[in-house]
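Colleague: I'd like a close look at a single part of this model, please. Could you pick one strand in the middle of things and walk me through what surrounds it?

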Amino acid sequence: MRVLVAGATGVIGHPLVGALRARGHEVSALVRDASRAPEADRVVVADALDREAVLSAVSAARPEAVVHQLSALRLLRDDPPAAFAQTARLRTEGTANLVEAARAAGARRLVAQSIAFAAAPGGAPVLDEDAPLYVDAPDPGWAATVRAVAELERLVSGSGLAGVVLRYGTLYGPGTAYARDGGTGLRVLAGKLPLPEGGAGITSFLHVDDAVQAAVAAVESEATGVFHVTDDDPAPAAQWLPHYASALGAPPPRTVPAALAPRLLGWFMAHQLTEAHGAANDRARTALGFKPLHPSWRDGLGEE
């Protein structure tokens, strides 16, 4: 089918264009900068926050399916506040523009990326898609991020198209924060990511390759809804962080009092390491036929 990938220069969007073309689809890459575009059947240029430009670009591509992989997380290393603020706009304004453009162009299917680690703490250690989102988190920045995620999911589900929301787990692999040269990798290598006592926060990881294959499956499936896309091995920080440091050849993380974690690590990282819950991928397995190529972070986190 004709597929448009918005965010085609990103860590998932770039390989996704190639993966879809390898499956025989005709792929249009929607980018802001044509010089960074991957090899595609068509390149269309627009700023996702420019409504008229998006309407024109999507109309020119005439897609049957639109895939939303937009984010500004590439800015994280240099300007984290700007990265999160811009990503929130892409999840709200950008999603609204894409939904309108997809409908106007006659698309029938919309696949959008979300995150699997936005659930409020409480309940079972590993949660399904029905768990409430942490829209009232005590940290204003994280609360704003989760509210933007909730709005993206609302827009996709109410778009009138066959909508699929893929809630990706914490990404690792080339180009991510958990690569050796990524922000988290460099922090661990420098011995600057300590482990709060207990390390009870649970993370569900996802290799970039599996994020790509899940997006391909969502394009080709008839299923709709919200799906956690994660590996099969949710793990507490007390397990994965020492393993990650060892795989990188970094010093073992020192232990710090849990009460000091927010001040030493920032609110979100402290939350991830102390109270976050994992995400169950059962629905994606059943409805999308998703089966991770990397079923456990133990076989790749921190390794090139």
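Modeller: Here is a walk along one strand, its partners and its surroundings. Keep in mind that this is a predicted model.

Let's take strand β5, residues 109-115. Is it buried or exposed? Seven of its seven residues are buried, so the rest of the structure largely encloses β5. In a regular strand, side chains alternate between the two faces of the sheet. You can follow that along β5: Arg109, Val111, Gln113 and Ile115 point one way, while Leu110, Ala112 and Ser114 point the other way. Both sets are buried.

Now for the partners. On β4 (65-68), the pairing with β5 is parallel and runs over four bridges. One place to look is alanine 65, whose bridge partner in β5 is arginine 109. β5 also pairs with β7 (residues 162-168), again running parallel, and here seven bridges join the two. Find valine 111 and you'll see valine 164 of β7 opposite. Further along, isoleucine 115 has tyrosine 168 as its bridge partner in β7.

Let's step across to β7 itself. How many of its seven residues are buried? Six of them are, so to speak, tucked away, and the strand is mostly covered. Five bridges then join β7 to β12 (residues 225-229), and those two strands run parallel as well. Valine 164 turns up again here, with glycine 225 as its bridge partner in β12.

Tyrosine 168 deserves a pause. Leaving aside neighbours within four places in sequence, its contacts include Gln113, Ser114 and Ile115, and those three belong to the β5 residues we just sorted by direction. Among its other contacts are Ile12, Leu206, Ala211 and Val229. Tyr168 is also one of the residues with the most contacts inside the largest nonpolar core, along with Val5, Leu16, Leu20 and Leu166. That core has 32 residues. Elements giving two or more residues to it include β1, α1, β4, β7 and β12. Helix α6 gives the most, with eight residues. Apart from this core lies another, of 27 residues, among them Ala46, Ala57, Val99 and Val156.

Val99 takes us to helix α3, where it is one of the buried residues. Others there include Ala83, Leu90, Gly94 and Leu98. What covers the buried residues of α3? Our strand β5 is part of the answer, and β1, β2, α2, β4 and α4 are also included. Does the length of α3 fit its residue count, or not? At 1.5 Å a residue, its 25 residues (80-104) should span 36 Å, and the end C-alpha atoms are 34 Å apart, which agrees. Even so, α3 has a kink of about 35 degrees, centred on glycine 94. Just after the helix, glycine 106 takes a positive phi of about 85 degrees.

One last stop is the loop between α2 and β4, where you'll find arginine 62. This residue has a positive phi too, of about 50 degrees, although it is not a glycine. At 46% relative accessibility, arginine 62 counts as partly exposed, whereas Arg109 in β5 is buried.

Note on methods: Residues are numbered from 1 along each chain as its sequence is written. This is a predicted model: local features need pLDDT of at least 70, side-chain atom pairs count only at pLDDT 80 or more; totals for chains, interfaces and linings use all residues. Side-chain values use heavy atoms; hydrogens and water are left out. Buried means under 20% relative accessible area, exposed over 50%, partly exposed in between (1.4 Å probe, protein chains only). Two strands pair if DSSP finds at least two bridges between them. A nonpolar core is a set of buried Ala, Val, Leu, Ile, Met, Phe, Trp, Tyr and Cys residues joined through side-chain atoms within 4.5 Å. Contact means heavy atoms within 4.5 Å. The expected span of a helix is 1.5 Å times one less than its number of residues. The bend at a residue is the angle between axes fitted to the seven residues ending there and the seven starting there.
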